[in-house]
Amino acid sequence: MHTALDTLERLNAALIRSQNGQLPQSEMVRLWREESALLNLPSRFTDVLTPLLDRIEASVLFSEESCSFSQKDLLTHLQLWSDKARLKLAIPGPLEAQNA
């Protein structure tokens, strides 16, 4: 059985492979869109992730960094989102702790 943290690890591995040129960004974004729902995070995480993935997808259309879409910055923001998601998954909030 895979946990939410396992899923997040798979997503992070895809991000790293994409940053290293081993996985097309479009494939990485597809994976993130499909599997991020399995994380079962509060809706505010989805509210941030969805437009971020949209911008990463749009940045693929540009071969060079543009003033509108810095691929490097967008991927850095995705990693930051992932770090915050990891903290949320690792440290249950008050309601999760009561139900454990």
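Visitor: What covers the buried residues of α2?

Guide: The cover includes α1, α3 and α4. Buried means under 20% relative accessible area, exposed over 50%, and partly exposed in between, with a 1.4 Å probe and protein chains only. This is a predicted model, in which local features need pLDDT of at least 70 and side-chain atom pairs count only at pLDDT 80 or more, while totals for chains, interfaces and linings use all residues. Residues are numbered from 1 along each chain as its sequence is written, and side-chain values use heavy atoms, with hydrogens and water left out.

Visitor: Which residues of α2 are buried?

Guide: Gln-25, Met-28, Val-29, Leu-31, Trp-32 and Glu-35. They sit on the same side of α2, because their arc around the axis is only 160°. The arc is taken from the directions from the helix axis to the C-beta atoms.

Visitor: Glu-35, buried or exposed?

Guide: Glu-35 is buried, at a relative accessible area of 17%. It belongs to helix α2, residues 25-35. Leaving aside residues up to four places away in sequence, Glu-35 touches Thr-7, Arg-10 and Leu-11. Contact here means heavy atoms within 4.5 Å.

Visitor: And Arg-30, how exposed is that?

Guide: Partly exposed, with a relative accessible area of 35%. Arg-30 is also in helix α2. Its C-alpha is 9.0 Å from that of Leu-53, with the two positions 23 residues apart in sequence numbering.

Visitor: What does Leu-53 touch?

Guide: Val-29, Trp-32, Arg-33 and Leu-78, again not counting residues up to four places away in sequence. Leu-53 is also one of the residues that touch the most other members of the largest nonpolar core, along with Met-28, Trp-32, Ile-56, Leu-78 and Trp-81. That core has 21 residues.

Visitor: Which elements give two or more residues to this core?

Guide: α1 (4-19), α2, α3 (43-59) and α4 (71-90). A nonpolar core is a set of buried Ala, Val, Leu, Ile, Met, Phe, Trp, Tyr and Cys residues joined through side-chain atoms within 4.5 Å.

Visitor: Back up a bit. How many helices and strands does the chain have?

Guide: There are 5 helices and 0 strands. Helices (H or I, at least four residues) and strands (E, at least two) are DSSP runs, numbered from the N terminus. Of the 100 residues in the protein chain, 33% are buried.

Visitor: What about contacts at long sequence separation, what percentage join residues at least 24 apart?

Guide: 64%, among contacts between residues at least 6 apart in sequence.

Visitor: Aromatics next. How many aromatic pairs are in the whole structure?

Guide: The search finds 2. Trp-32 and Trp-81 form an edge-to-face pair, since their ring centres are 5.8 Å apart and their planes are at 70°. Trp-32 lies in helix α2 and Trp-81 in helix α4, so this pair ties together parts 49 residues apart in sequence. Rings of Phe, Tyr and Trp (its six-membered ring) pair if their centres lie within 6.5 Å; planes under 30 degrees apart count as stacked, over 60 as edge-to-face and the rest as tilted.

Visitor: Are those two tryptophans buried or exposed?

Guide: Trp-32 is buried, with a relative accessible area of 0%. Trp-81 is buried as well, at 7%. Phe-45 and Trp-81 also make an edge-to-face pair, because their centres are 5.8 Å apart with planes at 80°. Phe-45 lies in helix α3 and Trp-81 in helix α4, so that pair ties together parts 36 residues apart in sequence. Ring pairs thus join Trp-32, Phe-45 and Trp-81 into a cluster.

Visitor: Which residues of α4 are buried?

Guide: Gln-71, Leu-74, Leu-75, Leu-78, Trp-81, Ser-82 and Ala-85. They line one face of the helix, because they fall within an arc of 110° seen down its axis. These buried residues pack against α1, α2 and α3.

Visitor: What does the face turned away from the buried side carry?

Guide: On α4, that face carries the exposed residues Lys-72 and Leu-87.

Visitor: Last one. Where is Asn-40?

Guide: In the loop between α2 and α3. Asn-40 has a positive phi of about 55° although it is not a glycine. Most residues other than glycine have a negative phi. At 68% relative accessibility, Asn-40 counts as exposed.
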